[in-house]
Amino acid sequence: METPAPASIRRHVATLHCVTTRLGGFMSGPPLFGRLDTIIIRVRDWEAAADWYTEKLGLRASCTDPVQGFAVLPFNDHTLTIWQLKPGEVLPPRGTAVPYPILVTSDAEALQTTLLARDVAVGPIEVVEGVRFFTFWDL
C-alpha cells in the first residue's frame, strides 16, 4: 500500500510526491552550508505582519527590532523573518517570479479550512501531477 504524500503550503500549500534525482559529478564533498537559518518575508508594516502571523498561523516572535523594523518568528528548525520595506521600496506585484516558502502539512484540505475560518485569503485546492496545493496570502 502506498503511503499518502504529505501536503505542503506555498504561502502557497501542496501535497508532494517526492522525486529523487541524482546530479552525479556536479559537486563533491559536503554542502557548503550547515543549514538554512531564516527566510525573509518583506512587508509594508512589520508590526501588523507579526500580529497577523501570530493570530492566523500561530507563529510568535522570539525577537523584534523596532529600529530595523523586523520580527523573527521561530518555525520548526528555522525562522521566518518579517522585515519592513525601507522608505521608497515596494513589494513586487502578485504573480511575479519571487521566492516564497513552501510549508508542509499532513492535510491540505483541513489546513485550508482552518485558514478560511481565520479569515485568511486562500486559493482553491489544485492538483497537478499528483501534487495537491493551495496558495494563501498574508496582509
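These are my notebook entries on a predicted model of one protein chain.

**Confidence first**

I began with the scores, since this is a predicted model. The protein chain averages a pLDDT of 80, and 80% of the residues score at least 70. Then I went element by element. Helix 1 (residues 46–57) has the highest mean pLDDT, 96, while strand 1 (residues 7–9) has the lowest, 38. Over residues 1–23 the pLDDT is below 50, though the model still gives this stretch 75 contacts beyond near neighbours in sequence. I left that stretch alone and moved on.

**The sheet**

Next I looked up how the strands are arranged. I found an open sheet of 4 strands, in the order 3-6-5-4, with mixed pairing. Which strands stand at the edges? Strand 3 (38–43) and strand 4 (63–65) do; each has a single partner strand, so one side of each is left without a neighbour in the sheet. I also checked the twist: neighbouring strands are turned by 20° against each other on average, direction ignored.

Then I took the pairings one at a time. Strand 3 and strand 6 are parallel and share 6 bridges. I picked out Ile-40 and found its bridge partner in strand 6 to be Thr-81. Strand 5 (residues 70–75) and strand 6 (residues 78–84) run antiparallel, joined by 6 bridges. Here I noted two positions: Ala-71 stands opposite Ile-82 in strand 6, and Phe-75 stands opposite His-78.

Strand 5 and strand 6 form a hairpin, with 2 residues between them. I checked the backbone in that turn, and Asn-76 has a positive phi of about 55°.

**Helix 1 and what it crosses**

I wanted to know where helix 1 sits relative to the sheet. Helix 1 lies across strand 3, strand 4, strand 5 and strand 6, and its angle to strand 6 is about 145°.

Past the helix I stopped at Ser-62, in the loop between helix 1 and strand 4. Is Ser-62 buried or exposed? Its relative accessible area is 52%, and the cut-off for exposed is over 50%, so Ser-62 counts as exposed. I also looked at what Ser-62 touches. Leaving aside neighbours within four places in sequence, Ser-62 is in contact with Val-72 and Pro-74. The C-alpha atoms of Ser-62 and Leu-73 are separated by 5.9 Å, with the two residues 11 apart along the chain.

**Aromatic pairs**

I searched for ring pairs and got 2. Trp-52 and Tyr-53 have ring centres 5.0 Å apart and planes at 70°, so I logged this pair as edge-to-face. Both Trp-52 and Tyr-53 are buried.

The other pair is Phe-70 with Trp-83, which is tilted, at 5.2 Å centre to centre and 50° between the planes. This pair links distant parts of the chain: Phe-70 is in strand 5 and Trp-83 in strand 6, 13 residues apart. How exposed are the two partners? Phe-70 is buried, with a relative accessible area of 16%. Trp-83 comes out at 25%, which makes it partly exposed.

**Helix 2**

I moved to helix 2 (residues 108–117) and asked which of its residues are buried. They are Ala-108, Leu-111, Gln-112 and Leu-115. These residues cover an arc of only 100° around the axis, which puts them on the same side of helix 2. I then looked at the face turned away from that buried side, and found the exposed residues Thr-113 and Ala-117 there.

**Two more positive phi values**

Last, I went through some loop backbone. Asp-119 is in the loop between helix 2 and strand 8 (121–122). Phi of Asp-119 is near 60°, a positive value in a residue other than glycine. Asp-119 is exposed, with a relative accessible area of 67%.

Glu-129 was my final stop, in the loop between strand 9 (126–128) and strand 10 (131–137). Glu-129 is not a glycine, yet has a positive phi of about 50°. At 79% relative accessibility, I put Glu-129 down as exposed.

Methods: Residues numbered from 1 in each chain as written. Predicted model: local features only at pLDDT ≥ 70, side-chain atom pairs only at ≥ 80, totals over all residues. Heavy atoms only, no water. pLDDT = per-residue confidence, 0-100. Contact = heavy atoms within 4.5 Å. Pairing = 2+ DSSP bridges. Axes fitted to C-alpha atoms, helices over the stretch in contact; angles between N-to-C directions. Phe/Tyr/Trp six-rings, centres within 6.5 Å; stacked < 30°, edge-to-face > 60°. Buried < 20%, exposed > 50% of the residue type's maximum accessible area, 1.4 Å probe, protein only. Arc of directions from axis to C-beta.
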